[in-house]
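Student: I am new to this structure and would be grateful for a close look at a single part of it. Please begin at the surface and then proceed to the interior.

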Amino acid sequence: MLRLRVGDALTLFDGRGGEHAATVAEIRGDAVSVEVGPWQDIERESPLAVTLAQGISSAERMDVTMQKAVELGAAAIQPLVTEKALVRLDAQRTESRLTHWRRIVISACEQCGRNRLPEVRAPVSVAELCAATQGLDARWLLAPEAPTRLRDAARGLSEKLVIAAGPEAGFSDAEAHALSAAGYTRVNLGPRILRTETAALAAIAALNAIAGDG
């Protein structure tokens, strides 16, 4: 906003779909007045409604994951509290991180042109994730040693999918077993082991190339 001048064009959106073309009419200090044009029914969402269930990683890595997941089309982000996580959040820090993550999502939408804000949910445990996603057909657990490749798992994929990705140290054996027992398909992304901030993003990008809008 600091770079805008009177007469500059901009786009306004409320995060619920569609947008307005607008023009800067007046700038007085920190106050900016705009002339709002008609509402335009424009959608830039992926046909795949991907929920990324991401193990909470260190601040910078989690921020990158959030930002790029939004740019790549994730419909929702579910932070996971995991046993091997390097980051531990109390109630106060959880609320602070949620506010921070939601700001990152808004900024990422502004950058990439999305006009629907992906939901950033309150952190849950792996057990709570398993219970909450029990009725979904498509649920993946990213695991480098998995026998199923992503391109094979993507065949006949439904529109809704949950992808579970671990933090820096990965899921514990108990968590991985719980996800598998709950119906999550173990999926690998190739022979290389990817960092936590790379794995889920690679999966979403590949999915959109195979079955989405890539």
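Tutor: On the surface, Val6, Ile27, Val32, Val34 and Val36 form a nonpolar patch with about 360 Å² of accessible area together. The model is predicted, so local features need pLDDT of at least 70 and side-chain atom pairs pLDDT 80 or more, while totals for chains, interfaces and linings use all residues. Residues are numbered from 1 along each chain as its sequence is written, and side-chain values use heavy atoms, without hydrogens or water. Such a patch joins nonpolar side chains (Val, Leu, Ile, Met, Phe, Trp, Tyr) within 5 Å, from residues with over 30% relative accessible area and no salt bridge, that is, no side-chain nitrogen of Lys or Arg within 4 Å of a carboxyl oxygen of Asp or Glu. Areas come from the Shrake-Rupley method with a 1.4 Å probe, and for residues only the protein chains shown count as cover. Strand 3 (residues 31-40) gives the most to the patch, three residues; strands are DSSP E runs of at least two residues, and helices are H or I runs of at least four, numbered from the N terminus. Val6 lies in the segment before strand 1 (9-12). Its relative accessible area is 56%, so Val6 counts as exposed (over 50%; buried is under 20%, partly exposed in between).

In the interior, the largest nonpolar core has 34 residues, with Trp140, Ile163 and Leu207 making the most contacts inside it. A core consists of buried Ala, Val, Leu, Ile, Met, Phe, Trp, Tyr and Cys residues joined through side-chain atoms within 4.5 Å. Apart from it lies another core of 13 residues, including Val124 and Phe171.

Conventions. Buried < 20%, exposed > 50% of the residue type's maximum accessible area, 1.4 Å probe, protein only. Patch = residues over 30% accessible without salt bridge, like charges linked within 9 Å, V, L, I, M, F, W, Y side chains within 5 Å.
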